[in-house]
2 protein chains.
Amino acid sequence: MTVSPPLRRHFPDGVFSSDCPSRVVLDHVTSKWGTLVILALAEGDALRWSELRRRAEGVSEKMLAQTLKMLEADGLVHRHARPVVPPHVEYSLTARGAELAERMVPLMDWIADHAPAILGDAQTAATR
Amino acid sequence: MTVSPPLRRHFPDGVFSSDCPSRVVLDHVTSKWGTLVILALAEGDALRWSELRRRAEGVSEKMLAQTLKMLEADGLVHRHARPVVPPHVEYSLTARGAELAERMVPLMDWIADHAPAILGDAQTAATR
DNA sequence: CAGTATCCCATATGATACTG
DNA sequence: CAGTATCATATGGGATACTG
């Protein structure tokens with residue numbers, strides 16, 4: 001069996017391997033709009049297409065569709081279409097998606113907290 | 001002060017705004033190689049350029065340089081160059097970078113654990 | 001060793017128009 | 001409303017060669 005260093009195991013190294021499945025999922029999850037969609041749905045409420053479009057400000061229809069399909073194929077997002085006219089479609093996180101979101105929210109919170117300082121630094125550094 | 005709904009506050013909404021600083025930082029941090037570099041350094045040891053290249057398997061010199069500069073400008077990664085010949089340069093996380101990494105490791109762990117199942121689903125779904 | 005400089009391309013992303 | 005279809009573009013990203 002492969003033994004890992006005690007205090008800094010973290011990753012079985014596969015993560016860093018270019019053909020590791022994690023890479024694919026990582027790319028999906030950290031894709032520009034994937035992150036935003038998951039985070040938007042992490043609030044708990046199901047959201048409609050048009051709500052998601054507004055929520056993830058700047059997303060194009062094409063990218064939203066693409067992102068949603070990807071996340072749905074990954075089993076992270078559930079699409080619920082009610083057969084009415086006009087169409088009413090709701091998106092929500094699956095159980096698996098919710099698990100993932102649990103890990104993404106702290107990250108996003110931290111980023112939101114520190115982003116101003118981080119970008120401020122750059123300006124400061126550039127100016128002096 | 002702004003009052004948020006009790007159980008699902010999460011984001012001051014700014015995160016979803018297209019001109020929010022968080023967007024920029026989010027893009028840096030979740031960039032294809034940014035994530036991998038931060039995770040590699042999260043193990044604790046300072047790494048040299050060549051070690052990082054091997055660690056983030058598949059990264060080109062161009063992208064490694066670009067990613068490193070970006071993370072350095074963000075104050076997440078520290079570059080320590082020892083004035084010897086041949087050059088010896090080490091990269092490590094700053095305190096701020098370590099804080100961020102703390103939030104990224106659980107996410108990556110989860111992804112590493114579930115990636116096979118996630119991608120397996122897609123196959124299963126496609127085949128049946 | 002640790003990069004920088006170039007050239008080049010795939011594709012991620014965007015804008016617009018159209019439809020069940 | 002909730003998409004799909006198309007066309008156009010920017011740029012993320014890669015390969016290669018070169019340098020202090």
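This report describes a predicted model of protein chains A and B with DNA strands C and D.

## Basis of the model

Residues are numbered from 1 along each chain as its sequence is written, and chains are lettered from A in the order in which they are written. In this predicted model, local features need pLDDT of at least 70 and side-chain atom pairs count only at pLDDT 80 or more, while totals for chains, interfaces and linings use all residues; side-chain values use heavy atoms, with hydrogens and water left out.

## Annotated domain and helix packing

An unreviewed UniProt entry lists "domain: HTH hxlR-type" for residues 20-119 of chain A; such annotations may be inferred rather than shown by experiment. This stretch is 64% helix and 14% strand, and its end C-alpha atoms are 33 Å apart. Helices (H or I, at least four residues) and strands (E, at least two) are DSSP runs numbered from the N terminus.

Between the chains, helix H1 (residues 21-29) of chain A packs on helix H2 (residues 32-41) of chain B at about 120°, with axes 10 Å apart. Axes are lines fitted to C-alpha atoms over the stretch in contact, and angles run from 0 to 180 degrees between N-to-C directions. H1(A) and H2(B) are therefore oblique to each other (under 35 degrees is roughly parallel, over 145 roughly antiparallel, 65 to 115 roughly perpendicular, the rest oblique).

## Surface near DNA strand C

A residue is near a strand if one of its heavy atoms lies within 4 Å of it. Of the 19 residues around DNA strand C, A:Lys62, B:Arg48, B:Glu61, B:Arg79 and B:Tyr91 come nearest. H4(B) gives the largest share of this surface, four residues. Of the strand C atoms within 4 Å of the protein, 56% belong to sugar or phosphate and the rest to bases.

Polar contacts are pairs of N or O atoms within 3.5 Å. A side-chain N or O atom of A:Lys62 lies 2.4 Å from a base oxygen of strand C, and a polar side-chain atom of A:Trp33 is 3.2 Å from a phosphate oxygen of that strand.

## Surface near DNA strand D

Around DNA strand D there are 20 residues, of which A:Arg48, A:Glu61, A:Arg79, A:Tyr91 and B:Lys62 come nearest. Sugar and phosphate make up 54% of the strand D atoms within 4 Å of the protein. H4(A) supplies the largest share of this surface, four residues.

A polar side-chain atom of B:Lys62 lies 2.4 Å from a base oxygen of strand D. Phosphate oxygens of strand D lie 2.9 Å from a side-chain N or O atom of A:Ser50 and 3.4 Å from a backbone N or O atom of A:Val89.

Terms used
Polar contact = N/O pair within 3.5 Å; in protein donor to acceptor, adjacent residues only side chain to side chain.
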